[in-house]
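Open the model in your viewer and keep the sequence panel visible. This tour goes from one selection to the next and says what is found at each stop.

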Amino acid sequence: MIDDLDALAAKLREIAGRMRTLREENQSLREDGQALHAQLAAAQRELAIERARNEAAVARIDALLARLPV
């Protein structure tokens, strides 16, 4: 009977340890996900800026081409 209780206690300690590990991994994944989300948002903002700059450059080139004699 005591051996059964000792085995059960050992299993419970093992489960508790695994739960702690999983909680820590989950927290780490959440933090990594938040960091990646912030990086993605920054990259999207920079992409929008670069697209606007590109469109402005194309407009300037089109204006210059329109001024060239035929």
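Start by selecting Ala52, which is partly exposed at a relative accessible area of 43%. This is a predicted model. Ala52 sits in helix 1. Now add Ala16 to the selection, 36 residues away from Ala52 along the chain. The C-alpha atoms of Ala52 and Ala16 are 54 Å apart.

**The whole chain**

Next, select everything and show it as a cartoon. The protein chain has one helix and zero strands. Its radius of gyration is 30 Å, well over the 11 Å that the globule rule gives for 70 residues, so the chain is more spread out than a compact globule. Turn the C-alpha trace to view it along each principal axis: the spans are about 100 × 15 × 5 Å.

How much of the protein chain is made up of buried residues? The share is 0% of the 70 residues, where buried means under 20% relative accessible area. Switch to a surface display. The protein chain exposes about 6700 Å², and 60% of that is supplied by carbon and sulfur atoms.

**A second pair along the helix**

Select Val58, which is also placed in helix 1. At 41% relative accessibility, Val58 counts as partly exposed. Then pick Arg30, 28 residues from Val58 along the chain. A distance drawn between the C-alpha atoms of Val58 and Arg30 should read 42 Å.

**Charged side chains**

Colour the charged side chains. There are 11 positive and 12 negative ones in the protein chain. The centres of these two sets lie 8 Å apart. Side chains of opposite charge can pair when their charged atoms come close. How many salt bridges does the count give? It comes to two, counting a side-chain nitrogen of Lys or Arg within 4 Å of a carboxyl oxygen of Asp or Glu.

For one of them, select Glu14 and Arg18 and show their side chains. These side chains meet in a salt bridge, with 2.7 Å from N to O. Why can the two be found about one helical turn from each other? Because Glu14 and Arg18 are four residues apart in helix 1, which covers residues 2-67. Glu14 is partly exposed at 36% relative accessibility, while Arg18 is exposed at 53%.

For the other, move to Glu50 and Arg53. Here the salt bridge has an N to O distance of 3.3 Å. Glu50 and Arg53 are three residues apart in helix 1, so about one helical turn separates them. Glu50 counts as partly exposed, with 38% relative accessibility. Arg53 has a relative accessible area of 55% and is exposed.

**The nonpolar patch**

Go now to the start of the chain and select Met1. Is Met1 buried or exposed? Met1 is exposed, with a relative accessible area of 76%. It lies in the segment before helix 1.

Keep Met1 and add Ile2, Leu5, Leu8, Leu12, Ile15 and Met19. Together these residues make a nonpolar surface patch of about 770 Å². Show the patch as a surface and leave the rest as a cartoon.

**Last look**

Zoom out to end the tour. The view holds one helix and zero strands, two salt bridges, and a nonpolar surface patch that includes Met1 and Met19.

Definitions and conventions
Residues are numbered from 1 along each chain as its sequence is written. This is a predicted model: local features need pLDDT of at least 70, side-chain atom pairs count only at pLDDT 80 or more; totals for chains, interfaces and linings use all residues. Side-chain values use heavy atoms; hydrogens and water are left out. Buried means under 20% relative accessible area, exposed over 50%, partly exposed in between (1.4 Å probe, protein chains only). The radius of gyration is taken over C-alpha atoms; the globule rule is 2.2 Å times the number of residues to the power 0.38. Accessible areas come from the Shrake-Rupley method with a 1.4 Å probe; for residues, only the protein chains shown count as cover. Lys and Arg count as positive and Asp and Glu as negative; His and the chain ends are not counted. The place of a charge is taken as NZ of Lys, CZ of Arg, CG of Asp or CD of Glu. Patches are made of residues with over 30% relative accessible area and no salt bridge: like charges are joined within 9 Å, nonpolar side chains (Val, Leu, Ile, Met, Phe, Trp, Tyr) within 5 Å.
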